[in-house]
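User: Hey, I'm new to this one. Can you walk me through it?
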Amino acid sequence: MPTTDHGHDLTWLLTHGAGGAWQFAMAVQSCLEDVAAAYQAEDWPVCVEACTATLRAVVYCEQVCDGYVGPPTEVERHLELALGDRPAIAALHRLPVPPGATRADADAARQLVAASVAELTARLPIEVPVLRSAAGFFPTVRIGADMERLRAEHGLPPMDWNQWEF
Amino acid sequence: MIVNTGEIGVEEALAVVGIDLPTLLDAAGSVLDGGRPYLVGSLAVGLGNRGSDVDIHHFQPGVREPGPPYLMFVEGVTVDVEFYPGDVAARSVDRFVATPVAQTGIGGVALAPAPGRAIEDRLTRWLTALPLRADDSPLVVDDARPAVLAVLVRAAYEQLLQLAALAALADRAGGRGAAYLWRRCGRQALEVACRAGGDVATGDKWLPRRANRTVGDETLVAAAYTTGDEPAFRRVYHRLRLPFADPLSLTAVAPDEGARELTIGRRRLLVTRHGRVFPEWTAVAAPTEAATRDVEAGQLLHAIRTGQLTLSVDPRACEELLCRQPTTATI
């Protein structure tokens, strides 16, 4: 969670921060699982492709945290990835080429992803457990319920949890 | 040829994630009763790995509209079931069977605008769906398959034209971002070629495997991923036999319909559908090439990137290009 000497911005936490955390659960988590599965299968090209998808999801998550109301079109996504100056975008441009990728390429790609994901998670206000798992589903429902209660107390309407989805 | 319809069975597909059909049906219980359940997604087209989800679309009489997915876990495997009205697949396909199709160097391409991402994803899954019950028929009948495939090729082709227009604008704007955009063009050309070869799938990560099995030329596939400029991209699309012309003449820009102007005091502002506010903005509606005569290319890119303008394919110009191919036929 971003911190300052003056504490955290509650309105941001209940709006854009919550959206970023939710998008992390909906998109970045599943991409990370794809990376792990491809690596375990020793499918290096697919692993690198999954790393590309992960970094795209990280970039979008960061945009949501910054107040971007989504989803972007494919045209807008690719322009952002072409012209943006976020560190995660720079990392994406350093990824190896998927066809012919080796284990070393997959390792390098995973390191780039890990660094970008770490930067992102440091910004998120809450940690959402792995959503698509038996252990993560119900705790996530609880987090959503807590958020809605806090939003209501803060004078905000119910969250549209789907507003950022592609 | 539609890849992996009849070429892979449900048991073989499920074996990739380490479960069998009786285990799945037993664990699902009544969730998969009362309708026609189909395996969709990467497993159904011979892709996937041990970590893949089992994606099921269940078509049930009495379901009025698609609802939220039902998630369950079977022996550590995530099973995602979506429910659809019983006849929705047939109704969706019926929309497209009479669409005219241009026969091009890569095969059939629909002569109608792409239907939108949500419909595109559903058609992709339904074209290659595997029935979980042996008595259930394919979701898309054989006679309709070429028409549906032509629609999916058209969708990928429109995305290619849009990317190429962006790359061309980036070149004119001094080159920043152009290399990335031309590489995306090469990659998208592979997607078009795969679909034209009958290989359709959702999920970007499978493209290397799909391209290798459909294009069958690893050197060409590698070249398509590394087209960092227009000449390299042209070489790739010529080798893939894709119909192509100047993308700035095949696309148009226009103000985004989701943006709105507002006034605060005496100040006029533009609010985009992404919730961004601009005190100054670009408003132009024209073919992209014509727009560049009034607005500098870099400014156009900024306006598109930030949601002030949209860039879309001109359907009439696109279809005129497709019809300049050797033959045109209506399926």
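User: How much space lies in the largest cavity?
Analyst: About 50 Å³. Keep in mind that this is a predicted model.

User: And how many cavities of 30 Å³ or more does the count come to?
Analyst: Just one cavity.

User: Which residues line the largest cavity?
Analyst: The lining is made up of B:Gly41, B:Ser42, B:Val45, B:Thr124, B:Arg125, B:Thr128, B:Val200, B:Ala201 and B:Thr202. By type, that lining splits into five polar, three nonpolar and one charged.

User: OK, pockets now. What volume does the second largest pocket have?
Analyst: The second largest pocket comes to about 380 Å³. It has 20 lining residues, and the closest to its centre are A:Gln63, A:Tyr68, A:Glu80, A:Arg86 and B:Arg305.

User: Which elements give two or more residues to that lining?
Analyst: From chain A, helix 2 (44-65) and helix 3 (74-83); from chain B, strand 11 and helix 12 (297-305).

User: How do the lining residues of the second largest pocket divide?
Analyst: Nine are charged, seven nonpolar and four polar.

User: You mentioned strand 11 of chain B. What's the order of the strands in its sheet?
Analyst: The order is 9-10-11, in an open sheet of three strands with antiparallel pairing. Strand 9 (260-264) and strand 11 (277-278) of chain B each have a single partner strand, so one side of each is left without a neighbour in the sheet.

User: Over how many bridges do strand 9 and strand 10 of chain B pair?
Analyst: Five bridges, with strand 10 covering residues 267-271.

User: And which residue stands opposite B:Ile264?
Analyst: That's B:Arg267, in strand 10 of chain B.

Technical notes: Residues are numbered from 1 along each chain as its sequence is written. Chains are lettered from A and ligands numbered from 1 in the order in which they are written. This is a predicted model: local features need pLDDT of at least 70, side-chain atom pairs count only at pLDDT 80 or more; totals for chains, interfaces and linings use all residues. Side-chain values use heavy atoms; hydrogens and water are left out. On a 1 Å grid over the protein atoms alone, a cavity is a set of points where a 1.4 Å probe fits but cannot get out, and a pocket is an open set with protein on both sides within 12 Å along at least five of seven lines; lining residues have an atom within 4 Å of a point. Grid points are joined across faces, edges and corners, and a volume is the space filled by probe spheres set on the points. Ala, Val, Leu, Ile, Met, Phe, Trp, Tyr, Cys and Pro count as nonpolar, Asp, Glu, Lys and Arg as charged, and the others, Gly among them, as polar. Two strands pair if DSSP finds at least two bridges between them. Helices (H or I, at least four residues) and strands (E, at least two) are DSSP runs, numbered from the N terminus.
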